[in-house]
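Me: Got a fold here that I'd like to walk through with you, one question at a time. Can you keep the reasoning short and finish on the thing I ask for?

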Amino acid sequence: MPPKLRYELYIPTYYNDGSPIEPKKHREIKNKIINEFGAISVHPGSISGTWINPNNSKYYYDNNFKLEVTVEKVDSNEEFFEKFKDFLKEYLQQQQIYIICTEVIQV
């Protein structure tokens, strides 16, 4: 079996200014991943977090949900997520988007 990577994307529900992100944008994000990889898992429970921007010491209070997808470990998939993170930052007007990538061990 080829090696796999699991990507966990923490998707904010609010813009940095505190206004809610439109549900349409969340659907479009999910659909982009589904169209690229054929599947997605959604963890709809709220994930709260706080972080300090190191450039200006400003506090950000986040409310997120998690998207998860497991893909083959190939350069093209890794490049997709690098570009997708930049897209998400701009599309959702965020200072940062938190993504975790973990190698999947298949037994």
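**Strands, helices and core**

Reply: Sure, let's start with a strand pair: Gly49 stands opposite Asp62 in β3. Keep in mind that this is a predicted model.

Me: What is the bridge partner of His43 in β3?

Reply: β2 covers residues 41-52, and that strand pairs with β3 in the antiparallel sense over 9 bridges. For His43, the bridge partner in β3 is Lys66.

Me: What is the strand order in the open sheet?

Reply: The sheet has 4 strands, with antiparallel pairing. β2 and β4 each have a single partner strand, so they stand at the edges and one side of each is left without a neighbour in the sheet. From one strand to the next, the twist averages 30 degrees. The order is β2-β3-β1-β4.

Me: Which strands does α2 lie across?

Reply: Take α1 to begin with: that helix lies across β1, β2 and β3, at about 20 degrees to β3. α2 runs at about 5 degrees to β1. The strands that α2 lies across are β1, β3 and β4.

Me: Are α1 and α2 roughly parallel or roughly antiparallel?

Reply: The two helices pack at an angle of about 170 degrees, with their axes 13 Å apart. Angles over 145 degrees count as roughly antiparallel. That's why α1 is, relative to α2, roughly antiparallel.

Me: How do the residues of the contact of α1 with α2 divide into nonpolar, polar and charged?

Reply: On the α1 side, the contact is made by Lys25, Glu28, Ile29, Lys32, Ile33, Glu36 and Phe37. α2 brings Asn77, Phe80, Phe81, Phe84, Phe87, Leu88 and Tyr91. The split comes out as 9 nonpolar, 1 polar and 4 charged.

Me: Which element gives the most to the largest nonpolar core?

Reply: This core has 19 residues, and those with the most contacts inside it are Leu9, Ile11, Ile29, Leu88 and Leu92. Two or more residues come from each of β1 (4-12), α1 (23-37), β3 (59-72) and α2 (75-91). With 5 residues, the one that gives the most is α2.

Me: Which residues does Leu92 touch, not counting residues up to four places away in sequence?

Reply: Leu92 is among the residues with the most contacts inside the core. Leaving out anything up to four places away in sequence, Leu92 touches Ile11, Pro12, Tyr15, Ile21, Lys25, Ile29 and Ile97.

Me: Is His26 buried or exposed?

Reply: His26 lies in helix α1. Beyond four places in sequence, His26 touches Ile11, Pro12, Thr13, Ile21 and Phe65. The cut-off for buried is under 20% relative accessible area. His26 has 9% relative accessibility, so this residue counts as buried.

Me: And Ser57, is that one buried or exposed?

Reply: Ser57 lies in the loop between β2 and β3, a hairpin with 6 residues between the strands. Its phi is positive, about 60 degrees, although Ser57 is not a glycine. Exposed means over 50% relative accessible area. Ser57 has 53%, so the label is exposed.

Me: Last one: where is Gln93 found?

Reply: Gln93 is another residue to flag if you check backbone torsions, with a positive phi near 55 degrees in a residue other than glycine. As for where Gln93 is found, that's the loop between α2 and β4 (98-104).

Key: Residues numbered from 1 in each chain as written. Predicted model: local features only at pLDDT ≥ 70, side-chain atom pairs only at ≥ 80, totals over all residues. Heavy atoms only, no water. Core = buried A, V, L, I, M, F, W, Y, C linked by side-chain atoms within 4.5 Å. Buried < 20%, exposed > 50% of the residue type's maximum accessible area, 1.4 Å probe, protein only. Contact = heavy atoms within 4.5 Å. Pairing = 2+ DSSP bridges. Axes fitted to C-alpha atoms, helices over the stretch in contact; angles between N-to-C directions. Parallel < 35°, antiparallel > 145°, perpendicular 65-115°, else oblique. Nonpolar A, V, L, I, M, F, W, Y, C, P; charged D, E, K, R; others polar.
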